[in-house]
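This report looks at the pockets of one protein model and at how some of its helices pack. The structure is shown first, and the description follows.

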Amino acid sequence: MLPSFNFAGLPSRVLFGSGTIAQVAQEMRNLGGRSAFVISTAGRSQQALMLGEQLNGMLAGSFPGAAMHTPADVTAKALAKLTEVRGDCLVAIGGGSAIGLSKALALRTDLPQLVLPTTYAGSEATSILGETTAGQKTTLRDLRVLPETVIYDVDLTLDLPDWVTATSGLNAMAHAVEALYAQDRNPVISTLASQALNLLVTNLPELRRCPRDKQLRSDVLYAAWLCGLSLHSVGMSLHHKVCHVLGGAFQLPHAQTHAVMLAYSVQYNEAAVPDLLAPLAHATQCQSAARGLFALGQALAIPRGLKAIGMEYDNLDRAATLITEKPYWNPTPVCYEPIRAMLEHAWHGAAP
């Protein structure tokens with residue numbers, strides 16, 4: 001007999017395929033928009049220009065200054081530009097930085113959002129917004145930040161560098177992994193999360209050998225959507241708290257931090273919930289889910305430890321304090337000493 005559970009479907013329209021960017025103008029009109037405000041990072045400026053051409057004269061203005069962790073000062077600058085050009089629809093192209101800024105603007109303006117993800121971050125599928133002010137990253141859940149329309153175009157991912165594919169893919173996996181043991185987990189999301197993990201474990205190593213293979217890219221992009229849907233539907237635990245602290249307080253890069261920390265977060269919890277993490281162990285073909293994830297990270301050539309992505313050793317004590325001050329719910333108690341030991345292990349990049 002299944003346990004009792006609650007499940008709320010995702011109230012977003014999703015288009016998935018190849019060449020789907022051509023539908024952006026019609027989808028914007030479907031949202032009632034006539035003046036698009038295009039959001040991107042500086043690195044995605046060329047794709048933003050291509051997107052502007054697809055809008056058929058409905059481009060009001062653009063902001064190519066999105067940044068990691070959605071800093072409040074960047075949001076303020078974007079909001080000023082949005083007000084100046086009088087955009088009536090937010091159109092974001094890129095990964096978590098661009099989509100995060102779009103969400104921050106939607107929270108403040110209630111404008112509709114249309115987003116085109118180019119990585120596997122998964123932010124487009126959630127009603128979660130993380131913002132950083134004065135070195136502190138906070139998160140909220142609000143349906144106002146959930147994009148109304150998501151256009152997945154596999155073609156936009158074909159030129160992703162190997163390191164972005166690997167770290168972004170493991171970032172996506174983190175959403176599905178924590179969904180498996182979330183306090184409010186349910187069998188629908190557990191099934192989707194397990195499917196996503198199988199697809200990512202199978203296809204991410206293959207993409208290193210065949211980076212422009214459309215079928216592989218399609219499978220991984222679909223899996224990333226399932227991971228984002230998982231994150232939207234249930235609560236976050238230790239892993240996301242750790243990454244929010246390391247990113248917000250110490251400015252570590254978002255996807256790389258998720259990629260490095262995931263095996264250690266899983267190791268912290270695996271003894272408490274081995275049955276719930278069994279789908280991950282099965283996917284990685286390892287008795288230990290944590291060791292399986294670590295081996296996958298090595299196969300994908302992700303950075304070896306927090307030291308490799310810029311974490312100062314002297315900041316580990318403060319990080320452990322911040323993580324334990326206001327912890328998210330977690331199947332294993334979140335206490336200073338074991339958290340500090342986990343961070344030490346992760347800083348050196350030692351195997352679980």
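## Pockets and helix packing

In this predicted model, the largest pocket is lined by 38 residues, and those nearest its centre are G95, G96, S97, A121 and H254. Two or more residues of this lining come from each of α4 (96-109), β6 (128-133), β7 (136-141), α5 (162-180), α8 (238-250) and α9 (254-270). Among these elements, α5 gives the most to the lining, with six residues. The space in the largest pocket amounts to about 770 Å³, and its lining, sorted by class, holds eleven nonpolar, 24 polar and three charged residues.

The second largest pocket has a volume of about 310 Å³. Its lining is made by 15 residues, of which Q136, K137, K241, V245 and L322 are the closest to the centre. The elements that each supply two or more residues here are β7, α8 and α12 (316-325), and α8 provides the largest share, five residues. By class, the lining of the second largest pocket comprises four nonpolar, six polar and five charged residues.

The helix α5, which gives the most residues to the lining of the largest pocket, also packs against α9 and against α7 (residues 214-233). The angle and axis distance of each pair are set out below.

| Helix pair | Angle between axes | Distance between axes |
|---|---|---|
| α5 and α9 | about 50° | 8 Å |
| α5 and α7 | roughly 40° | within 8 Å |

How are α5 and α9 oriented to each other? Their axes meet at an angle of about 50°, and α5 and α9 are therefore oblique to each other. The crossing of this pair is left-handed. On the α5 side the contact involves W163, T167, S168, L170, N171, M173, A174 and V177, which meet H254, A255, Q256, H258, A259, L262 and V266 in α9. The residues of this contact divide into nine nonpolar, six polar and no charged.

For the other pair, the axes of α5 and α7 cross at roughly 40°, which makes α5 oblique to α7. The crossing of α5 and α7 is left-handed. From α5, the residues T165, A172, M173, H175, A176 and A179 take part, and from α7 the partners are R217, A224, C227, S230 and L231. By class, the contact of α5 with α7 has seven nonpolar, three polar and one charged residues.

One residue links two parts of this description: H254 lies among the residues nearest the centre of the largest pocket, and H254 of α9 also belongs to the contact with α5.

Conventions. Residues numbered from 1 in each chain as written. Predicted model: local features only at pLDDT ≥ 70, side-chain atom pairs only at ≥ 80, totals over all residues. Heavy atoms only, no water. 1 Å grid on protein atoms, 1.4 Å probe; cavity = no way out; pocket = protein on both sides within 12 Å on 5 of 7 lines; lining within 4 Å. Points joined across faces, edges and corners; volume = space filled by probe spheres on them. Helix = DSSP H or I, 4+ residues; strand = E, 2+ residues; numbered from the N terminus. Nonpolar A, V, L, I, M, F, W, Y, C, P; charged D, E, K, R; others polar. Axes fitted to C-alpha atoms, helices over the stretch in contact; angles between N-to-C directions. Parallel < 35°, antiparallel > 145°, perpendicular 65-115°, else oblique. Left-handed = near helix turned anticlockwise from the far one by under 90°. Contact = heavy atoms within 4.5 Å.
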